[in-house]
Amino acid sequence: MKAAEAGVHIFGVRHLSPGGAKHLLEYLDQLQPTAVLIEGPSDASDEIRHLTHKVTKPPVAILAFTDELPVRTVLWPFAVYSPEYQGMKWAKENGAEALFIDFPSSVTLGLQDMKRQQRGSGQEAKPAAVEAEEPSAAVMQDEESLYSRIARLAGEYDYDMYWERNYEHNANAGAYRAAVLSFSAQMRELAEEKELREQPSEYAYNALRESYMRRQIKKMIAAGHEPQKIVVICGAYHASALADLTESMSDEELAALPSRSTKLTLMPYSYYKLSTMSGYGAGNGAPHYFQMMWEAMAAGRPEELPHLYLSSVARRVRGSGTHRSTAEVIEAVRLAESLASLHGGSAPTLRDLRDAAQTLLGHGELSVVAEALARVDVGTAIGSLAEGVSQTPIQDDLNRLLKRYKLEKYKSTVASELSLDLRENRRVSSVEAAYLDLHRSVLFHRLTLLGISFAKNRPSGQEGATWAEHWVIQWSPEVEIQVVESTLLGETVEVAGAYVLRERLQECRSIAEASALIRIACQCGMTAQMEEASRVLQNLAALSRDVVGIAAAASELSTIISFGDIRKVDTAPLVPLMEELFRRGCLFLLDASGCNDEAAGNMLTAINELNGISLEHGETLDEGLWLQELQQLAERDDRNPRLSGFACAILMERAAISAEEVAAEVSRRLSPGIPADLGAGWFEGLSMRNRYGLLSRMSLWEQLNNYINALADDEFKRALVFLRRAFSTFSPREKTMISELLGELWGVNVEQAAEILTGELKEEEAKMLDELNDFDFGDF
């Protein structure tokens, strides 16, 4: 049975088509159907009342997600000019029944899983790309696809330009629907031949969908709707296939389809995501431009679109500081209309308008107008829903928190910066307002923990200020999806965050990771998880001799204890744990310092961290033990020389070693009998701290000078590696001071010595240094 014979009306559209939406509304007004059936997930029909809610502001999307891990999602987005969206609105306003008739989301996601499994097994997979507007999307990507051929034969730049000129600008009543049906039948015949030959799975998938949609149409007739009072809105590709209702999916065939348990929600969407630059298959390159077209059509003045578009571009160009006159805008409109006439068009296409903008407003340079064109074409609009409309619990919770902490204005696709001061604001009356920024910080850290990329932490610019944070905030449909995916972790942001922390603690295997989790728990304001993480860290530390890891963990705890008061978290239980880690770091320091030069880099960081903790918390830590271990390391000849020198530098800095002891150690370390790599390596470590203290010791430079002069050529080359590395970190001013010291030692003019030692290398000197690359340094 043909749909036409049955009296069912098929209206094929291109998704996101303002022209299609306009002609559809005229068609519905003419027919006054009692049922409007729409290509979309049939289990989401209940969401139509929310999509057409008076507060709903497109772009919005239906989001389906599996209710078991791993979470799979699929989207059906709508713009205000989507024919499907306008069809839903018309049905509500005119008392008609509106239903979706495509596969339910459970089947769509089940087919997606089958596709993944078949890919993994090497079998051909059935695609489930419900976002693709034309099923021949893969064909469109061919070098010379059917669509490219159409554009070329029509003399258009691309298929989008062809479609806009011939369909969006088609103002003849009834002509749009007839043209789309004819176009669909011919294109489908050509596309199916290619699909059967090259992509049989694609063909089979579309055949299944169409069989199911025919089943739903017949079901509507059986429910009592007169066939001639039913309008079906579907993608142009499916229009001719749905015109024949003879074959439809049986109960057995439906039951045999793969399925996954799913849930549905609505979410705000964005024009950026709808644009093809985001990778969305059924999008278009200029969603805001097509909204402008829709608004001009709705106002009955479509001829004003070129003026509106080009004046908007000019306004943005002026906003960037480049002057453009009204006369140039008028000339650009005339040029666009002339370009349209050359192609036999009734109005300029987007391509014509862009070419005119580049020529007249960019003075021939695309770079001048590129940003303005992108903003006018794509736009920054993001949709919205009525509060509590079809939301998951965690979406509701987040929206409540955004409102509570005055963050709703940041729910935008345009990135914004927000600096937080976590300290109490004493100028306000309520407790919540006094700690507003702290509450915001806790929320941002919890979202980060959940992998929700709404806010990204950046360096605050206040070095060492534990009260200052700087965030870059930007909303996107991806953020909304991330929120929905967190539904399975908990019904609120806090509960979901606690679940993630518990999971990570159970998988934690290193003290560094455990300490990082304690910090995360502190930033998230989760006291119970801090206690649990502390127990995990204590158990791991009891078995560890890794000084690098121990020092990193102790440093992390030190930081947490330091900003604990700011974040209003009780960090007192962490103090004994930090003390224990510090003690273990001290006791294993000497053993860990017997390492090679490569591992010494991490050990230098660890020593720095332990020393910093000692200085920060000297009143509670065993500072005497730390200085004792440093003293032993500084004296040992069988430890890494860089670490011994570094330990000596810290002791000097802390006045824990006398000037006489330093002089004796320098004399011993830089004596001619000490191997070059050991002596020079020790000096490298010594020079890494307290440099101005070193520069004030003339005896040190005398001994270094004598040491170098006493080295044989091979020994000198070995020492040079360490010395070059040591001096490479000195500032230009420090290098000048060294030059002056050496000038005094050598009895030459100080300024001349500085000029020679800090000047550019001569060619032969540079060559000599290059030869060191081929020198055999053994295994040190």
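This briefing covers the nonpolar cores and the salt bridges of the structure above. The model is predicted. Its largest nonpolar core has 96 residues, and a second, separate core has 85. Across the whole structure, a search finds 28 salt bridges.

**Nonpolar cores**

- Within the largest nonpolar core, the residues that touch the most other members are Leu443, Phe444, Phe454, Leu537, Leu557 and Ile607.
- Helix 26, which spans residues 547–563, gives the most to this core, with 9 residues.
- Phe444 can be followed further: neighbours within four places in sequence aside, Phe444 is in contact with Leu407, Leu418, Leu420, Phe454, Ala455, Trp471 and Ile473.
- The second core is separate from the largest one, and among its 85 residues are Ala96, Phe100, Met293 and Val389.

**A salt bridge inside one helix**

- Side chains of opposite charge can pair when their charged atoms come close.
- One such pair is Lys22 and Glu26, whose side chains meet in a salt bridge at 2.8 Å, N to O.
- Both residues belong to helix 2 (residues 18–31), where Lys22 and Glu26 are 4 residues apart, about one turn of the helix.
- Lys22 counts as partly exposed because its relative accessibility is 25%, which lies between the cut-offs of 20% and 50%.
- Glu26 also counts as partly exposed, because its relative accessibility is 36%.

**A buried salt bridge between distant parts of the chain**

- Asp102 and Arg209 meet through their side chains in a salt bridge of 2.6 Å, N to O.
- This pair links distant parts of the chain, with Asp102 in strand 5 (residues 97–102) and Arg209 in helix 10 (residues 200–222), 107 residues apart.
- Asp102 has a relative accessible area of 5%, so Asp102 is buried; the cut-off for buried is under 20%.
- Arg209 is likewise buried, because its relative accessible area is 4%.
- Asp102 and Arg209 are also linked with Glu39 in a network of salt bridges.

**Another salt bridge involving helix 10**

- Arg215 forms a salt bridge with Asp251, and the closest N and O atoms of the pair are 2.7 Å apart.
- Arg215 lies in helix 10 and Asp251 in helix 12 (residues 251–255), so this pair ties together parts that are 36 residues apart in sequence.

Technical notes
Residues numbered from 1 in each chain as written. Predicted model: local features only at pLDDT ≥ 70, side-chain atom pairs only at ≥ 80, totals over all residues. Heavy atoms only, no water. Core = buried A, V, L, I, M, F, W, Y, C linked by side-chain atoms within 4.5 Å. Buried < 20%, exposed > 50% of the residue type's maximum accessible area, 1.4 Å probe, protein only. Helix = DSSP H or I, 4+ residues; strand = E, 2+ residues; numbered from the N terminus. Contact = heavy atoms within 4.5 Å. Salt bridge = Lys/Arg side-chain N within 4 Å of Asp/Glu carboxyl O.
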